[in-house]
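The following report looks at backbone geometry, burial, aromatic pairs, nonpolar cores and an internal cavity, with each cut-off given where its term comes in.

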Amino acid sequence: MKKALREFCASINIEYVGIAGPGPYAELEEILRRRRDRGHYTEFENSDLALRCNPSLTLPDVRSVIVCLFPYYIGDRQGANLSKYTFSQDYHLVARHKLEQIGQFLQERIPGFHYVAHTDTGPLVDRYLAYLAGVGFYGINGHIITDKYGSYVFIGYLLNNYPFLPDKPQQRTCYQCGRCVAACPGQIILGDYSIDPRGCKSYLTQKKGELTATELAIFRKTPLIFGCDVCQDVCPHNRHVQHTIITEFTEDVVFQLKLEELTSLSNKEFTRRYGRHAFSWRGKKLLLRNLLYMEGI
């Protein structure tokens, strides 16, 4: 069945698929507890550590976790003021559709098979699952890295009730060259495979309310008004990466927003035009704020 799973995934352009065990993940809980004690968390993270480390609290009869990677790199775009991961259709929609295809494929072949699929918005720590499933290895910037696509990958997973044999983590890490540490606008990459997300520019571009003077200084170090690509741009693992083979990530590409256009759009028009892009999730108002910040207004 595991061979059939891999073959089906390949047929829908999923090249990286692995299996993580059903947990609970004691090592992860210790990592998260240590980060929480240091104050290294934001409002975007679930505060329930047990829920983040124990898959059975989401699917009581979970017996394995199918983990998939979805590469999204389509190259740089001159003049871009949006992060690369938001250029194309919202990855939540694209990856979720493919995960549901996998779930339906397995339901047709395994009696009583059921699952819960998540991409980024689920309770578990998707990068830790990817590490456990052996589909990538950690960089000191916290990203999961692959040989073919570098760190330009999204992660999705299916908690399920079939006992797929778990894969093994890769016994390797990034080059630890320190380039991401030196280049980070907020200087929040700590060098021990953890970050302090409170000063991450990507976080600041999505944080509601007014930014402090310190936060604004970080925000204005690069031209992006949503997200931040710096630690990935300087990473040698991303130097010669291939472009994605997932066609949905090559369509409806938007890499720049302009103040004049956004100002002229109603909220309804904004949603109609950009609602299928990941940068739209915080709404027009926040993006407009960011454009004004970048203009020094």
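Q187 has a relative accessible area of 48% and therefore counts as partly exposed, a class that runs between buried (under 20% relative accessible area) and exposed (over 50%), computed with a 1.4 Å probe on protein chains only. This is a predicted model, in which local features need pLDDT of at least 70 and side-chain atom pairs count only at pLDDT 80 or more, while totals for chains, interfaces and linings use all residues. Residues are numbered from 1 along each chain as its sequence is written, and side-chain values use heavy atoms, with hydrogens and water left out.

Q187 sits in the loop between α6 and α7, where helices (H or I, at least four residues) and strands (E, at least two) are DSSP runs numbered from the N terminus. The table lists Q187 together with D120, each of them a residue other than glycine with a positive phi.

| Residue | Phi | Loop | Relative accessible area |
|---|---|---|---|
| Q187 | near 50° | between α6 and α7 | 48% |
| D120 | near 70° | between β3 (115–118) and α5 (126–132) | 41% |

Another backbone feature is the cis peptide bond that joins G23 and P24, with omega about 0°; P24 belongs to the loop between β1 (16–20) and α2 (26–37).

I189 also lies in the loop between α6 (179–183) and α7, but I189 is buried, at a relative accessible area of 7%. Neighbours within four places in sequence left aside, the contacts of I189 (heavy atoms within 4.5 Å) are I140, N141, C180, V181, C184, S194, I195 and C231.

What does the search for cavities of 30 Å³ or more find in the whole structure? It finds 1 cavity, a cavity being a set of points on a 1 Å grid over the protein atoms alone where a 1.4 Å probe fits but cannot get out, with lining residues having an atom within 4 Å of a point. The volume of the largest cavity, taken as the space filled by probe spheres set on the points, is about 90 Å³. It is lined by 15 residues, of which I140, C174, C177, C180 and C235 are the closest to its centre.

Helix α12 (residues 284–294) is largely enclosed by the rest of the structure, because 8 of its 11 residues are buried. Among the elements covering the buried residues of α12 are α7 (201–204), α8 (213–219), α10 and α11 (267–274).

Aromatic rings of Phe, Tyr and Trp (its six-membered ring) pair if their centres lie within 6.5 Å, with planes under 30 degrees apart counted as stacked, over 60 as edge-to-face and the rest as tilted. By this rule there are 20 aromatic pairs. In one of them, F154 and F249 meet edge-to-face, at 5.5 Å centre to centre and 65° between the planes. F154 is in strand β6 (residues 153–160) and F249 in the loop between α9 (230–233) and α10 (259–264), so this pair ties together parts that are 95 residues apart in sequence. F154 is buried at 7% relative accessibility, and F249 is buried at 1%.

The largest nonpolar core (buried Ala, Val, Leu, Ile, Met, Phe, Trp, Tyr and Cys residues joined through side-chain atoms within 4.5 Å) has 49 residues, and those with the most contacts inside it are L5, I66, F70, I102 and L106. Helix α4 (residues 91–107) gives the largest share of this core, 7 residues. Apart from this core lies another, of 26 residues, including A20, L49, A130 and L159.

Technical notes
On a 1 Å grid over the protein atoms alone, a cavity is a set of points where a 1.4 Å probe fits but cannot get out, and a pocket is an open set with protein on both sides within 12 Å along at least five of seven lines; lining residues have an atom within 4 Å of a point.
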